[in-house]
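Subject: Structure handover and notes on two sheets

Hello,

I am passing on the structure we discussed. Please find it below, followed by my notes.

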Amino acid sequence: MRPLHHPPPCGAPAARSQDVQVLFMRSDGGLAPMDAFGGSRAVLSGPAGGVVGYSATTYQQEGGQPVIGFDMGGTSTDVSRYAGEFEHVFEATTAGVTLQAPQLDINTVAAGGGSRLFFRSGLFVVGPESAGAHPGPACYRKGGPVTVTDANLVLGRLLPASFPCIFGPGEDQPLSPEASRKALEAVATEVNSFLTNGPCPASPLSLEEVAMGFVRVANEAMCRPIRALTQARGHDPSAHVLACFGGAGGQHACAIARALGMDTVHIHRHSGLLSALGLALADVVHEAQEPCSLLYAPETFMQLDQRLSRLEEQCVDALQAQGFPRSQISTESFLHLRYRGTDCALMVSAHQHPATARSPRAGDFGAAFVERYMREFGFVIPERPVVVDDVRVRGTGRSGLRLEDAPKAQTGPPRVDKMTQCYFEGGYQETPVYLLGELGYGHKLHGPCLIIDSNSTILVEPGCQAEVTETGDIRISVGAEVPGTMGTQLDPIQLSIFSHRFMSIAEQMGRILQRTAISTNIKERLDFSCALFGPDGGLVSNAPHIPVHLGAMQETVQFQIQHLGADLHPGDVLLSNHPSAGGSHLPDLTVITPVFWPGQTRPVFYVASRGHHADIGGITPGSMPPHSTTLQQEGAVFLSFKLVQGGVFQEEAVTEALRAPGKVPNCSGTRNLHDNLSDLRAQVAANQKGIQLVGELIGQYGLDVVQAYMGHIQANAELAVRDMLRAFGTSRQARGLPLEVSSEDHMDDGSPIRLRVQINLSQGSAVFDFSGTGPEVFGNLNAPRAITLSALIYCLRCLVGRDIPLNQGCLAPVRIVIPQGSILDPSPEAAVVGGNVLTSQRVVDVILGAFGACAASQGCMNNVTLGNAHMGYYETVAGGAGAGPSWHGRSGVHSHMTNTRITDPEILESRYPVILRRFELRRGSGGRGRFRGGDGVTRELVFREEALLSVLTERRAFRPYGLHGGEPGARGLNLLIRKNGRTVNLGGKTSVTVYPGDVFCLHTPGGGGYGDPEDPAPPPGSPPQAPAFPEHGSVYEYRRAQEAV
């Protein structure tokens, strides 16, 4: 908060304390008086002060060049962007609480000075666990763990003499380099044990090399959100200045900028206190907003101008009431616009688009909207009208505060306070230390050197040059990285960096796909996955998209390699969805691009994207028929189709294929060809982004190195799974239990799914044998073999219990036996739409049940489809999650093989002929236990016009099981309440015509309980939860949307 005090006129008495107005910083970057201030609007007030600080300093001094804010503190790092105007978001989640209020788009990642360091299964891991302020890093002398701060201290990049004596139990001791070295030596011992005894023996690393490795991995972890924040919105990170602040940021600034291709770092002279400085420089803000449902069209412009004028008057009156004269008040008008029929609304200002004869008087919002939509999403939809969801005005009362006078120019060389030894790549180097307070305008400092003030330490790395600006700030010119020679042999530090880079490629492919797609399923529900594959088609990295796609996409790529052989050429892009070719179900269309490299005759890697298309034909709208019995009834089929050939998009051929189901009796071709074609082009564009990013990686390291590390990252996942299997087997052996476990569950039609797992303790391997599973069914619950592989990869990843690369290596330690002709490996013509969304969930329950990991979750995706001649809608509905050894099951969530979002109620009701009458937790539906299963939900839809309702559900007969004395969760129930009051149980799978006034009531299953409900004590050995810093921001929101309902 900041007191606002206007000095009295000459001769007037001094102001009393009660005359001083106190202002509070809000998350949107503006100040507000106490009566207009609320806690929900101040969650990010501290980081917001930093954004205001660098926008008022760095942006102005760098001539208006776009700026990336990099605020690295003790527990986390905040990343933001400023290019002349603040970037706001209007809904964000912090610590699990969703707030709808204007906030600066500040992205927090759990990588700060206090982030803990681990070596796990051959990988250097930084965070997300944090040492916090207490006990803090090991060097704080309170028994804390080893952290990034300790690594910097060991490398000589922090000088204990520069810190006050406030450490230790009595808070009277200096930092302890000895404690840092001791804590890091324990981790180094693990590293060197792996290097000397692991699969690829290598020379041990020195303590400094280990510390340097952790710093490099931390830097790469912090680069990922910056790439996502910029490239996901069409910006080039290398075109930005890095504004670095926060207590720990100066130690990493040069490395971060160099990794992102930036050539300038700007560090304010008060960088350790820039958030506080930003609060002093911030303006007072008053906002007014109201909903609107008008079209953006000439006939509504007068109404929009009137509403904006009224809101502007409110803002001006409020600021004048706080003592601001009209000359210090400015206003900016916004319209919240979207294309009709889409959910992506943009809050648009017209301040750079003056009014024209065909726009409101307040400005040409239409032109601003089209320009921003094209930049962020890569296309526009000119044939669709634009809807105004909200009108908003932001009023600003300028504070008029300015920074103090700049330091004087200096002509002599800067004084070196002392010399020290700092470790860089290649060893220790003599490093001069300068005091920031003694530096003046014109001083130039060549790296390596340290610049120290009372609040931060700035590291200028070798090859960089720092200069003092006329305002006393530090501008660092970042030199290009000296190319080094890197071999193909496994280096655990490089492995950790490549793990981040590979995952970043898949994530950015996903952002491009979401940006450029047009359908609700991909753009809003996020029902898609993107992945990178090696030259053999083996999965290298898969972003955390849809779990059911994980192993299946690998099967699809490998099928195309075997099927086409030498018939793959540059400029080809393949399309496939057939279950026998690794497909999950027909609406999931997979686009695969082989990538060629100069001098290579075969593809050197592959990229692929899989997206759920809302309709590809078949017997019902939505292509999710509950009663299909053959594959042909479920829509268009692509075994191996060249979507792009020789660089030419085959629109005519793919259109013909999408309409082909109309030739099957009682079937239709695709009902939404425009969206199909648009989304297929978006998938091609996403693949192209992946090719570009891997090309950059090859350009940096060389083809042989990149391909070698594709193999190393797969081997690392294999090692993690082998370690898990050995630990599981050892635990059972210690308790006198056999090394064979089994589990069985049933589909609602009685089809059994049986699993027997045999653990080989010496090899860390296992055989997963599904013999005894029921035969293929006359229906659509058949699951292609690829679905079982996806379920298995997902379960193995969960059982490992920590973040590991999701790739082909997870399956290397296991042999899978699936009876041919069973429900898990049906014939090529079998119907499979229910196997992807229902049977997959039962396979997961069976695998996790065999390992005793947790009780069964709802075991269903609760698929609901409705449509008629002019509309179609599809949704999956959440239920209860199973409880585990130390946790209660979550209520009202999707679990395991799906994580798609549900449509917002307002969008559902405005776009489709239904009313959402109820949507609430189904209290008591979770199974009782020491840890209770999560509750399902109740969802009621009232129909406003005639339509065909289809439901495809499970767990309506067999309840989700409990474990170790826990009780099962409640069954699901599908009811149709006719307008006349008649209630009908629809069963688990049916299609029925509904009429205006009818009500569909969906009760989803609960999760099973864990442990005896009467046992008050938690099960022994429950692992403690390590603290992790809560992330937030638009990058986090995107990833959270992929991982949650």
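The notes below cover two sheets and a helix.

Please keep in mind that this is a predicted model.

Sheet with S19, S20, S22 and S23

This open sheet has four strands, ordered S19-S20-S22-S23, and its pairing is mixed. Strand S19 (418-424) and strand S23 (457-460) are the edge strands, each of them pairing on one side only. On average, and with direction ignored, neighbouring strands here are turned by 30 degrees against each other. S19 is joined to strand S20 (residues 427-435) by seven bridges in the antiparallel sense. Within that strand pair, Cys422 has Gln429 of S20 opposite.

Sheet with S33, S34, S35 and S36

Here, too, the sheet is open and made of four strands, in the order S33-S34-S35-S36 with mixed pairing. Strand S33 (740-746) and strand S36 (814-817) each have a single partner strand, so one side of each is left without a neighbour in the sheet. The average turn between neighbouring strands of this sheet is 15 degrees, direction ignored. Between S33 and strand S34 (residues 752-760) there are seven bridges, and the two strands pair in the antiparallel sense. One of the positions to look at is Ser742, whose bridge partner in S34 is Arg756.

Helix H17

Helix H17 (residues 833-850) lies across three strands, namely S33, S34 and strand S35 (765-769). Relative to S33, helix H17 runs at about 150 degrees.

Regards

Terms used
Residues are numbered from 1 along each chain as its sequence is written. This is a predicted model: local features need pLDDT of at least 70, side-chain atom pairs count only at pLDDT 80 or more; totals for chains, interfaces and linings use all residues. Side-chain values use heavy atoms; hydrogens and water are left out. Two strands pair if DSSP finds at least two bridges between them. Axes are lines fitted to C-alpha atoms, for helices over the stretch in contact, and angles run from 0 to 180 degrees between N-to-C directions. Contact means heavy atoms within 4.5 Å.
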